[in-house]
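User: Please take a close look at one part of this model, the aromatic cluster, and then place it against the sheet and the empty spaces.

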Amino acid sequence: MNTSESKQGNVTILQVQGKLDSASSPELDKRLTGLVGSGARQVVVNLDGLEYVSSAGLRVFLSAAKHLKQAQGKLALASPSAQVQQIFDIAGFASIMPIYKTLNEAVGACAM
Amino acid sequence: MSDSLSQTIGNTLESLSPLTTEVNRFMEQHALSHEAIFRVNLAIEEIVTNIIKYGYDDTAPHAITVALDLFPDTIRLRLKDDGHPFNPLHTPEPDIYVPLDQRKVGGLGLHLVREIVDRIVYRRENDANILEINIARK
């Protein structure tokens, strides 16, 4: 897994590429916790390069969404592949965090 | 090129990565679909992690065997461990309809597996848990 970070206005974008499994998810958890700790409140995770996600990755997204909500912020997910979207659907993610088809939509919604 | 692969690993989380490397090499050699590869990886990761974390009542080393057999339409995945009896078909469904504040962060792994595979059969045989899973090749 590789991550990179950028900003558009008040929105922090974290790009995640590769595989998000039990081995790599602690690293993403650290990145997201670090972002919230350093003051980021509108966070979009761009998933267009994410090939694989397991429950270990879902746990990281759930935990980040909870932390951001407590801090009056928001976590949004953007551009998952069809397979990753299917995992989000099975986990019931759509009702607890916004998932957008494109990065632009996600950034636009978070910037408002 | 054989249509079967069998790997035995120890009950440590560090064993998972070399196992999935071997399994992925095998699946790529047989040109399986991305979807099938995704599902096999998910089933192995969730179940093997669960066995390693919760399957044993002692701290002794144990063996876990993961076998793949390819059929024309189906991939059959078999997992065998000598942990305490555990039927993953009988674990409670997570409540995925509660608001974010009340949502548990864990407990999704076996739920994902049950939903993405085509068939799961569990049996206890000679003091071992045996799980047979079918995943479509398409």
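Analyst: What follows starts with the aromatic rings, moves to a valine beside them and the sheet, and ends with the pocket and the cavity. The model is predicted, and every value below is computed from it.

A search over all chains finds 3 aromatic pairs. In one of them, the ring centres of F61(A) and F88(A) are 6.1 Å apart and the ring planes stand at 80°; planes over 60 degrees apart count as edge-to-face, so this pair is edge-to-face. F61(A) belongs to helix α2 of chain A and F88(A) to helix α3 of chain A, residues 82-90, so the contact between the rings ties together parts that are 27 residues apart in sequence. F88(A) also pairs with F93(A), and here the arrangement is stacked, with 5.3 Å from centre to centre and 10° between the planes. Through these ring pairs F61(A), F88(A) and F93(A) are linked into a cluster.

As for exposure, F61(A) has a relative accessible area of 0%, so this residue is buried. F88(A) likewise has a relative accessible area of 0% and is buried. F93(A), the stacked partner of F88(A), is buried as well.

The link from the cluster to the sheet can be followed through V45(A). This residue sits in strand β3 of chain A, residues 42-53. V45(A) has 0% relative accessibility, and because buried means under 20%, V45(A) counts as buried. Leaving aside residues up to four places away in sequence, V45(A) touches F61(A) as well as L14(A), V16(A), L32(A), L75(A), A76(A), L77(A) and A78(A). V45(A) and F61(A) are 16 residues apart along the chain, and their C-alpha atoms are separated by 9.1 Å.

Strand β3(A) is part of an open sheet of 5 strands in chain A, in the order β1-β2-β3-β4-β5, with mixed pairing. The edges are taken by β1 (2-8) and β5 (99-100) of chain A; each has a single partner strand, so one side of each is left without a neighbour in the sheet. β1(A) and β2(A), residues 11-20, run antiparallel and are joined by 7 bridges. One residue with a partner across these strands is E5(A), whose bridge partner in β2(A) is L14(A). L14(A) is also among the residues that V45(A) touches.

Next, the empty spaces. The largest pocket holds about 690 Å³ of space. Its lining has 31 residues, and the closest to the pocket centre are R59(A), G106(B), G107(B), L108(B) and G109(B). Elements giving two or more residues to this lining are α2 (55-70) of chain A, and α2 (34-54) and α3 (109-116) of chain B. α2(A) is also the helix that holds F61(A). The largest share of the pocket lining, 6 residues, comes from α2(B). By class, the pocket lining divides into 11 nonpolar, 11 polar and 9 charged residues.

The search of the whole structure finds 1 cavity of 30 Å³ or more, and the largest cavity has about 40 Å³ of space. I47(B), P88(B), L110(B), V113(B), R114(B), I120(B) and L131(B) line the largest cavity. α3(B) gives the most to this lining, with 3 residues. The cavity lining has 6 nonpolar residues, no polar ones and 1 charged residue.

Key: Residues numbered from 1 in each chain as written. Chains lettered and ligands numbered in written order. Predicted model: local features only at pLDDT ≥ 70, side-chain atom pairs only at ≥ 80, totals over all residues. Heavy atoms only, no water. 1 Å grid on protein atoms, 1.4 Å probe; cavity = no way out; pocket = protein on both sides within 12 Å on 5 of 7 lines; lining within 4 Å. Points joined across faces, edges and corners; volume = space filled by probe spheres on them. Helix = DSSP H or I, 4+ residues; strand = E, 2+ residues; numbered from the N terminus. Nonpolar A, V, L, I, M, F, W, Y, C, P; charged D, E, K, R; others polar. Phe/Tyr/Trp six-rings, centres within 6.5 Å; stacked < 30°, edge-to-face > 60°. Buried < 20%, exposed > 50% of the residue type's maximum accessible area, 1.4 Å probe, protein only. Contact = heavy atoms within 4.5 Å. Pairing = 2+ DSSP bridges.
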